[in-house]
Amino acid sequence: MEYIKLTNGVKVPLLGYGVFMVSPEECERCVSDALKVGYRLIDTAQAYANEEGVGRAWRKSGIPRNELFLVTKVWISNSGEEKAAASIAESLRKLDTDYIDLLLIHQAYGDVFGTWRAMEKAYKVGKVRAIGVSNFQAGRFFDFAHFVDVEPMVNQLQCNALAQQNDIQPILQETDTKTMAWGPLGGQGVDGIVESELLAKIGQKYGKSAAQVALRWLTQRDIVAIPKSSHAERMQENFDIFDFTLTQEDMDKIATMNQEDAGFVKFTDPEFVKYLIENYG
């Protein structure tokens with residue numbers, strides 16, 4: 001495994017396992033399989049309704065807690081200082097842990113500043129090792145980061161070969177905020193990564209698949225990738241990416257695949273924001 005360091009010195013594995021849209025019933029089995037393969041970063045969220053499955057899986061694995069990196073997110077319905085604090089306590093209970101390694105604000109709407117105050121307090125007392133945000137686009141991130149005491153350490157974004165998140169990087173670099181990529185192999189409006197002829201051709205040189213090349217391209221940019229699969233053999237394939245290094249020529253070719261730099265989900269669209277507020281606010 002390779003790692004990056006956050007601004008507070010916390011080490012984060014560059015490859016993890018995500019459980020978005022994994023049913024509560026399947027989550028324990030999937031996370032158990034992922035841990036057996038070797039994943040140590042597990043990404044979940046309050047909105048996924050499967051934190052308890054993650055908690056059961058890591059407890060049964062026998063892996064020491066300090067060898068794991070657990071990530072969860074505060075959902076918009078829990079925004080605001082009081083509700084966020086209560087939801088953090090509930091996430092700790094469901095994950096069956098004394099601390100969360102990385103806690104994120106899931107969406108850039110609702111009382112995000114109140115939520116952040118609750119997260120800062122949890123961070124300062126050791127209930128959380130690092131804090132950040134998710135789906136904060138460039139302008140929203142810039143505004144937010146300049147009006148908080150503890151600057152976000154991570155911004156989790158839709159990031160992959162077709163949505164490369166290049167434009168936001170100078171903004172994130174101002175606060176040394178790291179990027180975590182959800183949907184690194186597609187989904188949520190993105191098709192064509194694992195079937196890409198370009199990625200497959202590059203992979204032939206290394207004996208790797210298009211998916212492995214796509215993940216390696218991210219991790220070589222120091223972007224944390226959290227692919228999801230319910231199949232153990234695919235989990236293993238996604239994990240086996242640290243025994244080769246893409247050349248700069250390869251990296252440059254993949255850079256030409258960029259289609260929607262800020263992602264295919266329009267988080268700033270008024271209709272999307274209205275949907276979030278009306279259904280979860």
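The following exercises, each with a worked solution, concern a predicted model of a protein.

**Exercise 1. Overall form**

Determine how the radius of gyration of the protein compares with that of a compact globule of 281 residues.

Solution.
Step 1. For 281 residues, a compact globule would have a radius of gyration near 19 Å.
Step 2. The protein has 18 Å, and therefore agrees with the value for a compact globule.
Step 3. Along the principal axes, the C-alpha atoms fill a box of roughly 55 × 45 × 35 Å.
Step 4. Of the 281 residues, 54% are buried.
Step 5. The exposed surface of the protein amounts to about 12200 Å², of which carbon and sulfur atoms supply 48%.
Step 6. Contacts between residues at least 6 apart in sequence may also be examined: 75% of them join residues at least 24 apart.

**Exercise 2. The sheet**

State how many helices and strands the protein has, and identify the edge strands of its open sheet.

Solution.
Step 1. The secondary structure consists of 11 helices and 10 strands.
Step 2. Eight strands form an open sheet with parallel pairing, in the order S3-S4-S5-S6-S7-S8-S9-S10.
Step 3. An edge strand pairs on one side only, and this holds for strand S3 (17-18) and strand S10 (224-225).
Step 4. Within the sheet, strand S5 (residues 69-74) pairs with strand S6 (residues 102-105) in the parallel sense, over four bridges.
Step 5. Val71 has Leu102 in S6 as its bridge partner.
Step 6. Helix H3 (residues 81-95) lies across S5 and S6, and runs at about 145° to S5.

**Exercise 3. Helix H1**

Compare the span of helix H1 with the expected span, and find what covers its buried residues.

Solution.
Step 1. Helix H1 (residues 24-37) contains 14 residues.
Step 2. The expected span is 1.5 Å times one less than the number of residues, which gives the 20 Å expected for H1.
Step 3. From its first C-alpha to its last, H1 reaches 21 Å, close to the expected value.
Step 4. The buried residues of H1 are Cys27, Glu28, Cys30, Val31, Ser32, Asp33, Ala34, Leu35 and Val37.
Step 5. Their cover includes S3, S4, H2 and helix H9 (232-239).
Step 6. Just after H1 comes Gly38, with a positive phi of about 135°.

**Exercise 4. Two loop residues with positive phi**

Ala49 and Gln165 are to be considered in turn: decide whether Ala49 is buried or exposed, and whether Gln165 is buried or exposed.

Solution.
Step 1. Ala49 has a positive phi of about 60° although it is not a glycine. Its place is in the loop that joins strand S4 (41-43) to helix H2 (51-61).
Step 2. A residue is exposed over 50% relative accessible area. Ala49 counts as exposed because its relative accessibility is 53%.
Step 3. Gln165 is likewise not a glycine, and its phi is positive at about 55°. Gln165 is placed in the loop between strand S8 (154-158) and H6.
Step 4. A residue is buried under 20% relative accessible area. Gln165 has a relative accessible area of 2% and is therefore buried.

**Exercise 5. Gln169**

Locate Gln169 in the secondary structure and decide whether Gln169 is buried or exposed.

Solution.
Step 1. Gln169 belongs to helix H6 (residues 169-174).
Step 2. The relative accessibility of Gln169 is 16%, so this residue counts as buried.
Step 3. Between Gln169 and Thr179 there is a separation of 10 residues in sequence and 8.4 Å in space, C-alpha to C-alpha.

How values were computed:
Residues are numbered from 1 along each chain as its sequence is written. This is a predicted model: local features need pLDDT of at least 70, side-chain atom pairs count only at pLDDT 80 or more; totals for chains, interfaces and linings use all residues. Side-chain values use heavy atoms; hydrogens and water are left out. Helices (H or I, at least four residues) and strands (E, at least two) are DSSP runs, numbered from the N terminus. Buried means under 20% relative accessible area, exposed over 50%, partly exposed in between (1.4 Å probe, protein chains only). Two strands pair if DSSP finds at least two bridges between them. Contact means heavy atoms within 4.5 Å. Axes are lines fitted to C-alpha atoms, for helices over the stretch in contact, and angles run from 0 to 180 degrees between N-to-C directions. The radius of gyration is taken over C-alpha atoms; the globule rule is 2.2 Å times the number of residues to the power 0.38. Accessible areas come from the Shrake-Rupley method with a 1.4 Å probe; for residues, only the protein chains shown count as cover.
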